[in-house]
Amino acid sequence: MANLKEIRGRITSISSTMQITRAMKMVSAAKLKKAQDAIVMLRPYSEKLQEIIQNVNSSSDPDQVSVYAQKREVKRVLFIAVTSNRGLAGAFNSSIVKELNSQFQNKSQYEVEVLTIGKKAFDAVRKNRKVYANESAVFDNLNFDTVAHVTEGVMGSFKEGKFDEVYLIYNKFVNAATQEVMTEQLLPISMPEADASQAPVETDYIFEPNRAEILDHLIPKSIKTQVFKAVLDSVASEHGARMTAMHKATDNAQALKNDLVIFYNKARQAAITNEILEIVSGAEALKNS
């Protein structure tokens, strides 16, 4: 049985850990509001941009297909895995790594590479997977231009034929306690097909300068926005996951501390009782001698 000094040391250590976890929870809660606002404001823009592309594409010449929508024989596949640079966020990072490994198995017949956004993904795959690039520095100055620069490199590689398919793997923010792992095909983009059961809707749009140039401008912007949205989703999910994890860690530490305090009090009471018994026994021995 541990002595009283050891128990006091453990209680002090747990109290210090509680201060750290409580502080991390408060920091993540403060950052979560800003990250949540950013992704909530971006989603309608991204969805509307997709809608515009669909409307323009539905009335364009089917023979004029964007280079980013061209489907070809799949030989090389790139996965963009978005995690965080820091841990202590529960299953936030491990769920992405697990999904990435699952996708590697599904695409085992192809030559697969991975682009990591986040140190945790890079550390998990660098030893046994082929890493195309590590863009963990994106989080040092997170904005649209920084992410767009990374996306432009991926789009250029796809255009040159280095990759035939590109997928995004990230955590979609649902709420502070829930994150959903998403795997989305980034390239080639999927254009909506006309529904034969519905009569075609005639539209009288005036396109300036023309449909082809509009699509050539909107499609790259939509791809960059999709990647930026995934990164913002991941950031909001990270803060939500860390806040939840630190809240649970604080509660568990408090429960452990309470148990140790009870155990300490019992041990202290037992030590005091033993000392009283020794004093009484000594006094009785002196009386009888």
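I began at a single residue pair and noted that L115 stands opposite A133 in strand 3. I keep in mind throughout that this is a predicted model.

Next I looked up the pairing around that position, and found that strand 2 (residues 111–117) and strand 3 pair in the parallel sense over three bridges.

I then traced the whole sheet, which is open, has five strands in the order 3-2-1-4-5, and shows mixed pairing. Its edges are strand 3 (131–134) and strand 5 (178–187), each of which pairs on one side only. For the twist I recorded an average of 20 degrees from one strand to the next.

Turning to what lies on the sheet, I noted that helix 2 (residues 92–106) lies across strand 1 (76–82), strand 2, strand 4 (165–175) and strand 5, and that helix 2 runs at about 150 degrees to strand 4. Helix 5 also lies across strand 1, strand 2, strand 4 and strand 5, but runs at about 40 degrees to strand 4.

Last, I examined how helix 5 (residues 211–288) packs with helix 4 (residues 144–159): the angle is about 120 degrees, and the axes are 9 Å apart. Angles of 65 to 115 degrees would count as roughly perpendicular and those over 145 as roughly antiparallel, and I therefore entered helix 4 and helix 5 as oblique to each other. Their crossing is right-handed.

For the contact itself I listed F144, V147, A148, T151, E152 and M155 from helix 4, which meet P220, I223, K224, T225, V227, F228 and V231 in helix 5. Sorted by character, the residues of this contact divide into nine nonpolar, two polar and two charged.

Key. Residues numbered from 1 in each chain as written. Predicted model: local features only at pLDDT ≥ 70, side-chain atom pairs only at ≥ 80, totals over all residues. Heavy atoms only, no water. Axes fitted to C-alpha atoms, helices over the stretch in contact; angles between N-to-C directions. Helix = DSSP H or I, 4+ residues; strand = E, 2+ residues; numbered from the N terminus. Parallel < 35°, antiparallel > 145°, perpendicular 65-115°, else oblique. Left-handed = near helix turned anticlockwise from the far one by under 90°. Contact = heavy atoms within 4.5 Å. Nonpolar A, V, L, I, M, F, W, Y, C, P; charged D, E, K, R; others polar. Pairing = 2+ DSSP bridges.
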